[in-house]
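Subject: Structure handover

Hello,

Here is the structure I said I would pass on. My notes on what was found in it follow below.

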Amino acid sequence: MATAFKTVEPLEYYRRFLKENCRPDGRELGEFRATTVNIGSITTADGSALVKLGNTTVICGVKAELAAPAVDSANKGYIVPNVELPSLCSTRFRSGPPGEEAQAASQFIADVIENSQIIAKEDLCIADGKLAWVLYCDIICLDYDGNILDASTFALLAALKNVQLPSVTINEETGLSEVNLKQKNPLAIRKHPVATSFAIFDDTLLIVDPTAEEEDLATGTVTVVTDEDDRLCSVHKPGGSPLTGAKLQDCISRAITRHKEVKKLIDKVIKSIKPK
């Protein structure tokens with residue numbers, strides 16, 4: 001009976017749970033799904049991480065290449081993020097060129113990198129005007145069940161913290177670059193941005209970490225990105241229900257609390273894999 005009601009009136013079905021301050025999956029409105037991270041999962045990448053947020057599973061691989069810096073940014077390297085939502089991760093996506101949601105997610109990640117200053121692009125420069133690192137950050141969704149932005153941001157941060165770059169020098173006589181694979185150094189991670197997403201129900205009710213089903217039924221979504229200094233890096237709100245100042249402030253406060261949980265988790269995992 002409940003299944004039939006859910007099929008015919010999915011929103012009304014959800015509202016009955018929301019009135020009791022819970023959700024059909026048993027979570028409270030402010031409760032996140034179980035979050036796990038595995039670092040260094042792709043041995044062929046220069047850095048990688050696998051993040052699970054409930055059923056949503058995202059993997060990020062970072063590949064570093066050498067290139068000449070741009071003329072107008074002679075002392076900076078590049079970070080090139082790309083989010084893929086292949087058809088294998090959900091029936092909502094199709095094979096072929098990136099869809100609107102994948103493009104929006106890629107742009108969101110690019111904005112987070114820029115606004116949070118997770119890495120200073122100057123740190124990626126090897127020789128001014130001659131040589132710099134390019135970090136290709138490929139984020140691929142393996143299983144989609146909502147909240148792709150939180151999972152992607154977390155996977156990117158964890159993968160970047162796993163990156164080890166070889167030492168590179170330029171031979172003054174030949175002008176060629178010389179790579180020392182035996183001497184590797186970690187990236188200098190300046191900030192630790194963490195995304196926290198909310199779904200808005202009936203224009204007023206906020207629930208954290210929405211599933212795909214909840215996103216479909218919501219009247220809007222908002223994603224807040226903060227760093228370890230409780231600084232607001234960005235607010236992403238693609239249309240939908242408006243938010244009052246008080247509601248937005250509530251989202252920011254919850255995002256700051258969530259940041260501490262994620263940072264604690266990532267530090268614990270990194271500590272456990274470091275050689276004793």
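**Notes on the model**

V112 is buried, because its relative accessible area is 1%. This residue, V112, sits in helix α3. From V112 to A195 the C-alpha distance is 9.0 Å, while the two are 83 residues apart in sequence. Please keep in mind that this is a predicted model.

**Annotated domain**

The unreviewed UniProt entry carries the annotation "domain: Exoribonuclease phosphorolytic", which covers residues 31–166 and 193–256. Residues 31–166 are 24% helix and 37% strand, and the C-alpha atoms at the two ends of that span are 41 Å apart. For residues 193–256 the figures are 28% helix and 38% strand, with the end C-alpha atoms 10 Å apart.

**Helix α4**

Helix α4 takes in residues 148–162. With 15 residues at 1.5 Å a residue, α4 should span 21 Å, and the distance between its end C-alpha atoms is 21 Å, so the two agree. Of the 15 residues in α4, 14 are buried, which leaves the helix mostly covered. The same helix comes up again in both of the spaces described next: α4 gives two or more residues to the lining of the largest pocket, and it supplies at least two to the lining of the largest cavity.

**Largest pocket**

The largest pocket holds about 420 Å³ of space. Its lining has 22 residues, and those closest to the pocket centre are E101, L149, E215, T221 and P238. Two or more lining residues come from each of α3 (100–116), α4, β9 (194–201), α5 (212–217) and β11 (220–226). Strand β11 has the largest share of this lining, with 4 residues. By class, the lining of the largest pocket is made up of 10 nonpolar, 8 polar and 4 charged residues.

**Largest cavity**

How many cavities of 30 Å³ or more are there? The count is 1. The largest cavity contains about 70 Å³ of space. Its lining consists of T35, V51, L53, D150, A151, T153, F154, V194, A195, R258 and V262. At least two of the lining residues come from each of β2 (47–53), α4, β9 and α6 (245–273). Here the largest share, 4 residues, belongs to α4. The lining of the largest cavity divides into 7 nonpolar, 2 polar and 2 charged residues. A195, named above as the partner of V112 in a C-alpha distance of 9.0 Å, is one of the residues that line this cavity.

**Aromatic pairs**

There are 4 aromatic pairs in the structure. One of them joins Y14 and F201, whose rings are stacked, with 6.0 Å from centre to centre and 10° between the planes. This pair links distant parts of the chain, since Y14 belongs to helix α2 (residues 10–18) and F201 to strand β9, 187 residues apart. Both Y14 and F201 are buried. Together with Y13 and F17, Y14 and F201 make up one aromatic cluster.

**Backbone points to check**

Two residues that are not glycine have a positive phi: N147, at about 55°, and D203, at about 70°.

- N147 is in the loop between β6 and α4. Is N147 buried or exposed? N147 counts as buried because its relative accessibility is 2%, and the cut-off for buried is under 20%.
- D203 is in the loop between β9 and β10 (205–208). D203 has a relative accessible area of 45%, so it is partly exposed; that class lies between the 20% and 50% cut-offs.

L135 gives a contrast in position with D203. L135 is part of strand β6 (residues 131–143), and at 0% relative accessibility it counts as buried. The C-alpha atoms of L135 and D203 are 40 Å apart in space, with their positions 68 residues apart in sequence.

Regards

Notes: Residues numbered from 1 in each chain as written. Predicted model: local features only at pLDDT ≥ 70, side-chain atom pairs only at ≥ 80, totals over all residues. Heavy atoms only, no water. UniProt positions renumbered as here; feature names shortened; annotations may be inferred. Expected span 1.5 Å × (residues − 1). Buried < 20%, exposed > 50% of the residue type's maximum accessible area, 1.4 Å probe, protein only. 1 Å grid on protein atoms, 1.4 Å probe; cavity = no way out; pocket = protein on both sides within 12 Å on 5 of 7 lines; lining within 4 Å. Points joined across faces, edges and corners; volume = space filled by probe spheres on them. Nonpolar A, V, L, I, M, F, W, Y, C, P; charged D, E, K, R; others polar. Phe/Tyr/Trp six-rings, centres within 6.5 Å; stacked < 30°, edge-to-face > 60°.
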